[in-house]
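User: I am learning to read protein models, and I would like to ask how certain descriptive words are justified. Could you take me through the reasoning step by step?

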Amino acid sequence: MFGNPSKASTQISPDGRLLSWLAPADGVLNLWVAPVEAPHEAQPVTADHGSGIRAYRWTYDGQHLVYLQDQDGDENYHIYAVDPISRTTRDLTPFNGVTAVIRGVSRVIRDRILVGLNQRDRRFHDLYTVDLVTGDIALVEENLGFASFVTDRLYKTHLAVRNASDGGRVILHRAGDAWRPWITFAPEDARVSMPSHLDARAKAVFLRDSRGRDTASLSRVDLATGETMEIAAHATADLGSLLLDQDTLEPLAYSVITERQEYVVLDSRVQADLDFLQEQDIGDWSLKSRTEDDRTWIIDVTSDTEPGASYLYDRQAKSLRELHQSRPELADAPLASMRPVTIVSRDKLDLVSYLTLPREVPEGVLQPMVLLVHGGPWQRNIFGYHFLHQWLANRGYAVLSVNFRGSTGFGKAFVNAGDQEWGRRMDDDLLDAVAWAVDRKIADPMRVAIMGGSYGGYATLVGLTRNPDIYACGIDIVGPSNLETLLRTVPPYWEAIRVQMHKAIGDPDTDEGLRLAHERSPLFQADKISKPLLIGHGANDPRVKQAESDQMVAVLKDKGIPVDYVLFPDEGHGFVRPENKIAFYAVAEAFLARHLGGRWEPIHPEELKCSSMLIKEGIEGYLYPCEQKDEPSTGSNRYDRTDRHPRH
C-alpha cells in the first residue's frame, strides 16, 4: 500500500512494437520495455538507484524514451533520453540548479524534442530544441516574462500567455518579431481559462474559456480572424481531458468529472470505441497511450476497490486484453468502498466530497474519523482508489475528503470563492463537512482528526489553532505555517504565477496583504493549539521550505506546547521513497491510535533501518512494540488536555 506499484504508467511505442512501464528494479522504480506480444520478456532499460522515475514518454523517432529526474525531491529536473535497445542513457539537460520541462514531442520533427530551461533567468523558462542523439541544444524562443507559450508541430511559437498585474490573463499573438495582446481573460476567468493547443495546420487555437459563463467550455478560435466557435460545455463542471484526432488535433471527445468521471463524444468516429469501453464494466478508464496509426490504445482503469490495471485495446477487433495489475498484492485485500456525497456549505455551495467507511462497522455506529484535506489548493479530490483512504479505513476510521471552495473543476465562481479565504471560509467548508458527518451519526464528535499535505498541512495547522475544540489531533505534512515566508520563498520559476498567489493569499509587499498573511498564518496563533500535532517534512522541499515546519515547532516548544516532528533529509515536497513512506505512516498510525483509538501495528526497529527519518521532536513511545492501553497514553501528561477522548 505504501510501496512502489508492481507495474505502472504503461505505454506503447508509436510503431506498436514495444510496451513500456515503470516497475521496481532493486526496489527503485525504473523503466522496463518488452515486446507487445511477449510482456513476460520485459527488461529494465534504466538503472536508477535514487528516488526512482515517475514520469516518461515515447518519442516519435522510435528509438528513445524521455523521462524526468530530480535529486532527492529538489525539483531541479533533468531530462534524460534512453535507447530501449542499447539501454544507453543520455542527460539532455546537464545543468546544475536548472529546472527542465518537456514542452513538446513532435510527429513532424522526430529527432528533437522541445524543452523549457530556466538557465538564463531562474524565473522564466526559455524554449529550446534538443537533439535526441547528439544532445545539441538550439534556442527557439527567449522568455520575456511569459507564463507559457503555444507552439505548433514545427516547434514554432504562435501565442504566449502572460498573467496580468490585476490577476487576469492575456494571450498574445505573434506579429513579426513583436507580441501583441490578442485575447484577455478577466481576473475572475483567469484560473480556469487558458489555451489548450493549436490544430495541426496552426490555423486555430483551442481554448478553455469561461468568459460569459461559469464553467470552462472548449472553444475554437481562428488565429487570423478571431472568429470563435464553442465546441463543448458542461453546466456544472469544467471540461477535463481531451481525446484528439492524431492527424488534425481536432477534439473527438472529452471527459468531465462531477462526482464521477464521464466521457462525451464529439465525433462519431470514436462513438463505437467509447461505447465498447463503457460496456466492459472495468471501472473508470482513461486513455494513456496510443500507436501512431491509432489502431491500438493503452487503457488504464481504476475504481475505489481496484488499485488499477492496464489493458491493450485493439480498435479494429474491438478486443481488450489485460496486461497487468498495478498492485496485484491487493487483489484479495478487504478494500473499502468509497461513496461520493455532496455536502452543502453554510453559504449554500455544493461541496463534492468522498466518504470511505470501515468495512466492519455497522451503519449508524459512531466511529472515529479522519478529515483528509487535499493539497494545492488548486486541485481536487476524485473518485477512485486512494491508498490513504484504504489504510485509514482498515485501521477503523471513517475518512472524508472534501472539495472545498478554491478547489478546481467546478467552475470559476467556486475556485474564486477561495480568494483571500485561506484560514477562513475555506476552513469553514471543512467545519461544515465535519458537522455533516456528525449530524448523520457517522463521526464521533470527540474523535475527529484533521490531516493533509501541502495546503492540507496548512489546513491542519489552521484547524488546530482556529478550532481547537473540534479536532482531537492533527497531522501536518509539508504544510506552510507562515503565509508571508511561504510567499517570499517559493521557487523563482513560480514568478509567472506570483500574481495569482497574491490574489489568493495577499501581497506581502502591501500593508493590507501583509496584514492578511499575518492574520491567516497559524504560526501566530500557535498558543491556541491544545491538541496533539504530528509534523512531517522533506528537507529538500523547494515549494514549502523546511523552515515552515521548523519555525512552527520552535514557537510551540517556546510556549511549552508538545509537538511531534520528523524530518526526511532525502525527500522534497512529500514523501516518495517507499522506505520513508512506510516509516512516516507507521508513526502516523501509532499517533492516530493513541489519540483516536483505532487499530495499529507497532513499529519494529528493522522497519526504520532503511528510512532516512530523523526524529526532530517528540514521538516517544512510537518506535518500538508496546502494549496498547485502554486509555490514550498521555506521555507523562504531555497531552493532558486530550484525556477526555477515551480509546474506542
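User: What makes helix H2 largely enclosed by the rest of the structure?

Analyst: In this predicted model, six of the eight residues of H2 are buried, so the helix is largely enclosed by the rest of the structure. The buried residues are Leu-388, His-389, Gln-390, Trp-391, Leu-392 and Ala-393. Their cover includes strands E28, E29, E30 (367-373), E31 (398-402) and E32 (443-453), together with helix H10. Just after H2, Gly-396 takes a positive phi of about 105°.

User: Why is Leu-392 called buried?

Analyst: Leu-392, which is found in helix H2, has a relative accessible area of 0%. Buried means under 20%, so Leu-392 counts as buried. Leaving aside neighbours within four places in sequence, Leu-392 is in contact with Val-370, Tyr-397, Val-399 and Leu-592. By contrast with those contacts, the C-alpha atoms of Leu-392 and Glu-363, 29 residues apart along the chain, are separated by 18 Å.

User: Is Phe-387, in the same helix H2, buried or partly exposed?

Analyst: Phe-387 has a relative accessibility of 21%, and since buried means under 20% and exposed means over 50%, Phe-387 counts as partly exposed. The charged end of Lys-581 sits over the ring of Phe-387, 4.9 Å from its centre.

User: How many aromatic pairs are there, and why is the pair of Phe-2 and Phe-387 called edge-to-face?

Analyst: The count comes to 21 aromatic pairs. For Phe-2 and Phe-387, the ring centres are 5.6 Å apart and the planes stand at 90°; because centres within 6.5 Å make a pair and planes over 60 degrees apart count as edge-to-face, this pair is given that name. The pair links distant parts of the chain, with Phe-2 in the segment before strand E1 (8-12), Phe-387 in helix H2, and their positions 385 residues apart in sequence.

User: What makes the pair of Phe-2 and Tyr-585 stacked?

Analyst: The rings of Phe-2 and Tyr-585 have their centres 5.0 Å apart and their planes at 15°, and because planes under 30 degrees apart count as stacked, the pair is described as stacked. Phe-2 lies in the segment before E1 and Tyr-585 in helix H10 (residues 578-596), so the pair ties together parts that are 583 residues apart in sequence. Both Phe-2 and Tyr-585 are buried, and for Phe-2 the relative accessibility is 14%. Phe-2, Phe-387, Trp-391, Phe-568, Phe-575, Phe-584 and Tyr-585 form one aromatic cluster.

User: How do you know that Ser-345 is buried, and what is Ser-345 in contact with?

Analyst: Ser-345 lies in the loop between strand E28 (338-344) and strand E29 (350-356). At 3% relative accessibility, set against the cut-off of under 20%, Ser-345 counts as buried. Leaving aside neighbours within four places in sequence, Ser-345 is in contact with Leu-351, Arg-405, Asp-429 and Asp-432. Ser-345 and Asp-432 are 87 residues apart in sequence, yet 5.9 Å apart in space, C-alpha to C-alpha.

User: Why does the link between Ser-345 and Asp-347 count as a polar contact?

Analyst: The side chains of Ser-345 and Asp-347 come to 2.6 Å, and because a polar contact needs a suitable pair of N or O atoms within 3.5 Å, this link qualifies as one.

User: Which residues have the most contacts inside the largest nonpolar core?

Analyst: The largest nonpolar core has 57 residues, and those with the most contacts inside it are Leu-371, Leu-400, Leu-430 and Tyr-471. Helix H4 (residues 425-439) gives the most to this core, with seven residues. Leaving aside neighbours within four places in sequence, Leu-430 is in contact with Leu-371, Val-373, Val-402, Phe-404, Ile-450, Ala-459 and Tyr-471. A second, separate core of 35 residues includes Leu-392, Ile-477, Val-587 and Leu-592.

User: What makes strands E15 and E16 a pair?

Analyst: Seven bridges join strand E15 (residues 169-175) to strand E16 (residues 178-185), and because two strands pair if there are at least two bridges between them, E15 and E16 count as paired. The two strands run antiparallel, and His-173 stands opposite Arg-180 in E16. E15 and E16 form a hairpin with two residues between them, and Gly-176 in the turn has a positive phi of about 70°.

Key
Residues are numbered from 1 along each chain as its sequence is written. This is a predicted model: local features need pLDDT of at least 70, side-chain atom pairs count only at pLDDT 80 or more; totals for chains, interfaces and linings use all residues. Side-chain values use heavy atoms; hydrogens and water are left out. Helices (H or I, at least four residues) and strands (E, at least two) are DSSP runs, numbered from the N terminus. Buried means under 20% relative accessible area, exposed over 50%, partly exposed in between (1.4 Å probe, protein chains only). Contact means heavy atoms within 4.5 Å. A polar contact is a pair of N or O atoms within 3.5 Å; within protein, one must be able to donate a hydrogen and the other to accept it, and residues adjacent in sequence count only if both atoms are side-chain atoms. Rings of Phe, Tyr and Trp (its six-membered ring) pair if their centres lie within 6.5 Å; planes under 30 degrees apart count as stacked, over 60 as edge-to-face and the rest as tilted. A charge sits over a ring if NZ of Lys or CZ of Arg is within 6 Å of the ring centre and within 35 degrees of the ring normal. A nonpolar core is a set of buried Ala, Val, Leu, Ile, Met, Phe, Trp, Tyr and Cys residues joined through side-chain atoms within 4.5 Å.
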